[in-house]
Amino acid sequence: IDIGGIELINGKITGRKFQAYIKPWAKIHNQAFKLHGLSEYWLNRNADGDIYQITQSFLEWIHSDCVCNQCKNLKPHETKRKHKLKL
C-alpha cells in the first residue's frame with residue numbers, strides 16, 4: 001500500500017529518498033485499515049501506480065543497495081506530501 005525509503009551513507013541521511021502509494025488490487029481488510037489508515041477510496045484516487053509499476057520504480061531506486069524496513073502506523077489524514085517532507 002505504501003513503500004518508502006531513505007538513503008543512508010555511514011549512518012547519515014543523504015537526502016535521497018523514495019516514497020509511493022500503491023493502488024490496491026484487492027479489498028483492504030478492516031484490520032489492515034485500522035493499522036495503516038489508508039482506505040481503498042483514498043488509494044484509488046491518490047496512488048502513484050499499481051504494484052508492478054511501483055515495484056519496478058523501487059527496484060530501480062535501490063539498485064543493489066542494502067535494504068532495511070520499518071512499519072509506521074499512519075493516520076488517514078496524513079498526506080503523501082506531509083510524509084515526503086518529514087525527512
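## Fold order

Reading from the N terminus, the chain goes β-β-α-α-α-α, which adds up to 4 helices and 2 strands. Both kinds of element are DSSP runs numbered from the N terminus: helices are H or I with at least four residues, strands are E with at least two. Bear in mind that this is a predicted model, where local features need pLDDT of at least 70, side-chain atom pairs count only at pLDDT 80 or more, and totals for chains, interfaces and linings use all residues. Residues are numbered from 1 along each chain as its sequence is written, and side-chain values use heavy atoms, with hydrogens and water left out.

## Burial and contacts

Of the 87 residues in the chain, 25% are buried (under 20% relative accessible area; exposed is over 50%, partly exposed is in between, with a 1.4 Å probe and protein chains only). The chain exposes about 6,800 Å², with carbon and sulfur atoms supplying 55% of that; areas come from the Shrake-Rupley method with a 1.4 Å probe, and for residues only the protein chains shown count as cover.

As for contacts (heavy atoms within 4.5 Å), take those between residues at least 6 apart in sequence: 57% of them join residues at least 24 apart.

## Aromatic pairs

Rings of Phe, Tyr and Trp (its six-membered ring) pair up if their centres lie within 6.5 Å; planes under 30 degrees apart are stacked, over 60 edge-to-face, and the rest tilted. That rule gives 4 aromatic pairs. One of them is F18 with W61, a tilted pair at 5.9 Å centre to centre and 45° between the planes. F18 sits in strand β2 (residues 12-21) and W61 in helix α3 (residues 51-62), so this pair ties together parts 43 residues apart in sequence. F18 and W61 are both buried.

Y21 and W42 make an edge-to-face pair, 4.9 Å centre to centre with 85° between the planes. Y21 is in strand β2 and W42 in helix α2 (residues 40-46), so here the parts tied together are 21 residues apart in sequence. Y21 is buried, at a relative accessible area of 0%. Ring pairs also link F18, F58 and W61 into a cluster.

## A nonpolar patch

On the surface, I6, L8 and I13 make a nonpolar patch of about 270 Å². Patch residues have over 30% relative accessible area and no salt bridge; nonpolar side chains (Val, Leu, Ile, Met, Phe, Trp, Tyr) are joined within 5 Å, like charges within 9 Å. A salt bridge here is a side-chain nitrogen of Lys or Arg within 4 Å of a carboxyl oxygen of Asp or Glu. I13 belongs to strand β2 and counts as exposed, at 54% relative accessibility.
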